[in-house]
Amino acid sequence: MKIQKNIAILRFIWLKFVAIYKERLKEVDIIIVGAGLAGTSLALELSLRKQNLLVVDLPNPNSSSRVAAGIVNPVVPKGVRTTWQYHAFFKAIPAYYAYWEKQLNASFFNSLPGFQIHPDDHTASQWQKRYSHPEMQEIIAAAEPDSLNNVNHPFGATRVNHCAKLNTQAFLTAAKNWLSPFTEWDEEAFLHASLIRVDNEWHYKNWKAKAVVFCEGINVLNNPWFRHLHFHPTAGDLLTIRFEQAVIPEALYKNREWLIPDGAGNWLVGSTFHKGSLDETPKQEDAEMLLQRLQQWVSADFTLVKHLRGIRPTVEGRRPYLGEHNSEKGLFIYNGLGSKGSSLISWLSPMMADYLVNEQPLHAEVDINRYG
Ligand SMILES: Cc1cc2nc3c(=O)[nH]c(=O)nc-3n(C[C@H](O)[C@H](O)[C@H](O)COP(=O)(O)OP(=O)(O)OC[C@H]3O[C@@H](n4cnc5c(N)ncnc54)[C@H](O)[C@@H]3O)c2cc1C
């Protein structure tokens with residue numbers, strides 16, 4: 001009898017403790033982990049849909065989004081074809097960024113002429129054959145000779161329409177400034193071990209939410225719920241150079257490497273691809289190789305200003321990963337943007353937000369349930 005009474009008292013104290021603990025928790029609708037291009041653009045879209053958010057992001061100056069050149073290019077050189085899902089979203093990219101530039105009262109997106117500089121006759125002929133193809137004719141055409149001042153093109157060049165550059169740093173900063181007054185923002189490492197499920201909620205430190213979306217870039221490899229997905233990191237080096245004189249017209253130039261103005265008077269040159277590498281230390285041999293190649297087709301003196309390296313969150317089959325964990329309900333992923341984050345977020349972030357808030361379906365090719 002006495003034991004039963006003690007158990008009842010202990011149970012009462014425990015329930016009281018749980019009730020007080022729950023009351024003390026601050027509630028948000030959704031926790032976003034990681035504020036690169038994926039997490040930040042998702043936060044913008046979710047805010048439009050009236051969601052209260054906690055964003056947890058440890059700012060890493062070498063994160064893929066902060067290193068990225070922000071190139072938006074509709075053509076895949078291999079096979080000279082349009083990029084994946086071109087017709088679904090590509091031409092709407094400028095409108096997407098124009099909308100957010102207006103909302104955020106900032107400037108971070110510029111359309112630019114694009115030029116593919118052919119490294120040999122064979123490549124030139126592959127491109128020329130595609131000029132009249134119905135899929136390509138509004139995108140590519142022979143370049144006008146006087147548009148390539150100080151850019152050597154002995155094998156010819158192709159003009160590529162619909163190219164642009166996103167200034168990723170400016171976009172991330174403007175978005176954070178806009179979100180901050182009404183979004184909780186923790187600049188610290190998210191500790192996966194501190195996330196616990198309580199009934200239908202997820203509790204993290206002194207927060208509770210119905211959903212947690214992981215947008216961790218390649219750091220997903222440390223995520224206990226999603227690291228089983230097929231991520232294959234690709235490290236890449238990117239250089240900032242300064243021309244002694246402004247002698248090259250502002251455009252995206254692509255040979256084997258590319259060259260693009262950074263919007264602040266310098267130019268970016270890149271990039272290298274090291275499959276499987278998680279090494280964020282810039283490699284001198286990569287810089288030397290990029291600069292040597294550049295000198296072969298650009299007739300202007302320049303100096304090296306900066307050299308960075310980041311890790312792209314690339315995935316098997318090059319299709320992003322969006323969706324909910326198959327057994328841990330309320331845990332979601334938005335990742336795998338590979339080397340196309342600047343274009344893909346304009347399509348995928350509104351899609352992910354509508355999936356989370358309005359129960360709209362995801363595109364079948366990006367849904368993680370494609371793996372069954
Ligand atoms: C050299 C290079 C050049 C590139 N050039 C282009 C280009 O020209 N055009 C283009 O479209 N794309 C380019 N990319 C690819 C582009 O950068 C990616 O597609 C995109 O930035 C990925 O964004 P993300 O938000 O998924 O990941 P990330 O940018 O990696 O962001 C993840 C964020 O989450 C944070 N985080 C992760 N784990 C945690 C945790 N546990 N706790 C707290 N915070 C955490 C990270 O610190 C980071 O801030 C390039 C990439 C590289 C490396």
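1. Ligand shell. In this predicted model, 42 residues surround the ligand, and those that come nearest are Gly34, Gly36, Ser65, Gly217 and Gly341; a residue is near a molecule if its C-beta atom, placed from the backbone, lies within 6 Å of it. By class, the shell holds 18 nonpolar, 20 polar and four charged residues, where Ala, Val, Leu, Ile, Met, Phe, Trp, Tyr, Cys and Pro count as nonpolar, Asp, Glu, Lys and Arg as charged, and the others, Gly among them, as polar.

2. Basis. Residues are numbered from 1 along each chain as its sequence is written. Because the model is predicted, local features need pLDDT of at least 70 and side-chain atom pairs count only at pLDDT 80 or more, while totals for chains, interfaces and linings use all residues.

3. Domains. An automatic or database domain assignment divides the chain into domain 1 (2-64 + 170-230 + 318-371) and domain 2 (109-166 + 234-312). Their centres, taken over C-alpha atoms, are separated by 36 Å. Each domain contributes at least three residues to the shell around the ligand.

4. Domain contact. Eight residues of domain 1 are in contact with seven residues of domain 2, contact being C-beta atoms, placed from the backbone, within 7 Å. The side of domain 1 that touches domain 2 has two nonpolar, six polar and no charged residues.

5. Contacts of Ile32. Not counting residues up to four places away in sequence, Ile32 touches Gly39, Leu42, Ala43, Leu53, Val55, Val213 and Cys215.

Note on methods: Contact = placed C-beta atoms within 7 Å.
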